Amino acid sequence: FFCPISEFHIIYTVICGQTFRWRKDKAGWWACLLPQTDPVTGRMAHQLVRLWQDDEMVYYETGPQPHDLTLVRDYFRLDIDLPDMTARFASADPHIREAVKEFAGLRVIRQDPVECLFSFLCTSAAPLYRIRRTISALCREYGDNFPGGEVAGLEHHAFPPIHRLAAPDKHRAGLPGALYQGNGADGARERRRRLAVRPARQAL
């Protein structure tokens with residue numbers, strides 16, 4: 001689909017620190033397994049999304065449901081008129097003007113709130129490579145595997161559902177220590193407990 005890189009820059013968006021599961025595969029496409037509600041059953045499902053772009057076009061693949069542009073547009077909030085919004089920000093603040101000029105096309109994604117919370121818990125005083133490694137280990141250990149297997153040299157795992165993260169034996173079983181370190185350990189466990197007994201969006 002047509003979308004100039006100045007309105008949506010894939011690399012800036014997925015490596016800027018707001019999400020940590022997007023990876024570049026052997027074919028040069030950026031890929032991630034994203035959550036999605038099944039329109040028929042209403043249950044949580046997952047879609048593998050792969051993206052590549054040139055200066056004016058974004059190319060995408062999704063599976064197991066093909067051509068799911070709705071998911072792509074919703075996740076990256078492509079309904080937002082980014083040039084207009086950033087122009088208004090830039091006119092009000094010269095510091096923002098420089099940042100917008102340097103990173104044109106960077107979008108704020110619409111991330112699953114559970115993944116957003118636990119990613120934030122992993123970010124305390126940690127460099128990006130360590131955060132990515134921790135999130136990746138979390139997904140491999142407790143997330144669902146993509147049923148299609150390896151794609152372009154990468155295996156894909158979904159972010160774990162909240163009930164698995166809230167299980168009392170997960171720390172002993174090897175849940176990455178970044179979720180438990182420091183004075184926030186008790187608070188993190190309590191947040192997991194509350195999230196497990198209430199709908200995630202309500203709890204957040």
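**Figure 1. V49 and its cross-strand partner.** V49 stands opposite T62 in β4. The model shown here and in the other views is predicted. Six bridges join β3 to β4, and the two strands run antiparallel. Not counting residues up to four places away in sequence, V49 touches W22, W30, A31, C32, L34, E61, T62, L71 and V72. The partner T62 is thus one of the residues in contact with V49.

**Figure 2. The largest nonpolar core.** This core has 17 residues, and those touching the most other members are F8, I10, W22, L34, V49, L51 and F76. At least two residues of the core come from each of α1 (10-15), β2 (30-37), β3 (44-53) and α2 (69-75). A second core, separate from this one, has 14 residues, including L121, I131, I135 and L138.

**Figure 3. The open sheet.** Four strands make up an open sheet with antiparallel pairing, in the order β1-β2-β3-β4. β1 (23-24) and β4 (58-63) are the edge strands; each has a single partner strand, so one side of each lacks a neighbour in the sheet. Strand β2 is mostly covered, with six of its eight residues buried.

**Figure 4. The hairpin of β1 and β2.** Two bridges pair β1 with β2 in the antiparallel sense. R23 stands opposite A31 in β2. Five residues lie between the strands of this hairpin, and G28 takes a positive phi near 90°.

**Figure 5. The hairpin of β2 and β3.** Eight bridges pair β2 with β3, again in the antiparallel sense. A31 has R50 as its bridge partner in β3. The hairpin has six residues between its strands, and G42 in the turn has a positive phi of about 80°.

**Figure 6. Helix α6 and its buried face.** The buried residues of α6 are I131, T134, I135, L138, C139 and Y142. Seen down the helix axis, the buried residues fall within an arc of 130°, so they line one face of α6. Y129, R133 and R140 are exposed on the other side of α6. Helix α6 covers residues 128-142; at 1.5 Å a residue, its 15 residues should span 21 Å, and the end C-alpha atoms are 21 Å apart, in agreement with that value. Of the buried residues, I131, I135 and L138 are among the members of the second core, as is L121.

**Figure 7. C122 beside helix α6.** C122 is found in the loop between α5 (113-121) and α6. The relative accessibility of C122 is 4%, so C122 counts as buried. C122 and T134 are 12 residues apart along the chain, and their C-alpha atoms are separated by 7.3 Å. T134 is one of the buried residues of α6.

**Figure 8. The whole chain, for orientation.** The chain has 10 helices and four strands. Along the sequence they follow the pattern α-β-β-β-β-α-α-α-α-α-α-α-α-α. Of the 204 residues, 38% count as buried. The chain exposes about 11600 Å², of which carbon and sulfur atoms supply 54%. Among contacts between residues at least 6 apart in sequence, 59% join residues at least 24 apart.

Definitions and conventions
Residues numbered from 1 in each chain as written. Predicted model: local features only at pLDDT ≥ 70, side-chain atom pairs only at ≥ 80, totals over all residues. Heavy atoms only, no water. Expected span 1.5 Å × (residues − 1). Buried < 20%, exposed > 50% of the residue type's maximum accessible area, 1.4 Å probe, protein only. Arc of directions from axis to C-beta. Core = buried A, V, L, I, M, F, W, Y, C linked by side-chain atoms within 4.5 Å. Contact = heavy atoms within 4.5 Å. Areas by Shrake-Rupley, 256 points an atom, 1.4 Å probe, with all protein chains shown as cover. Pairing = 2+ DSSP bridges.
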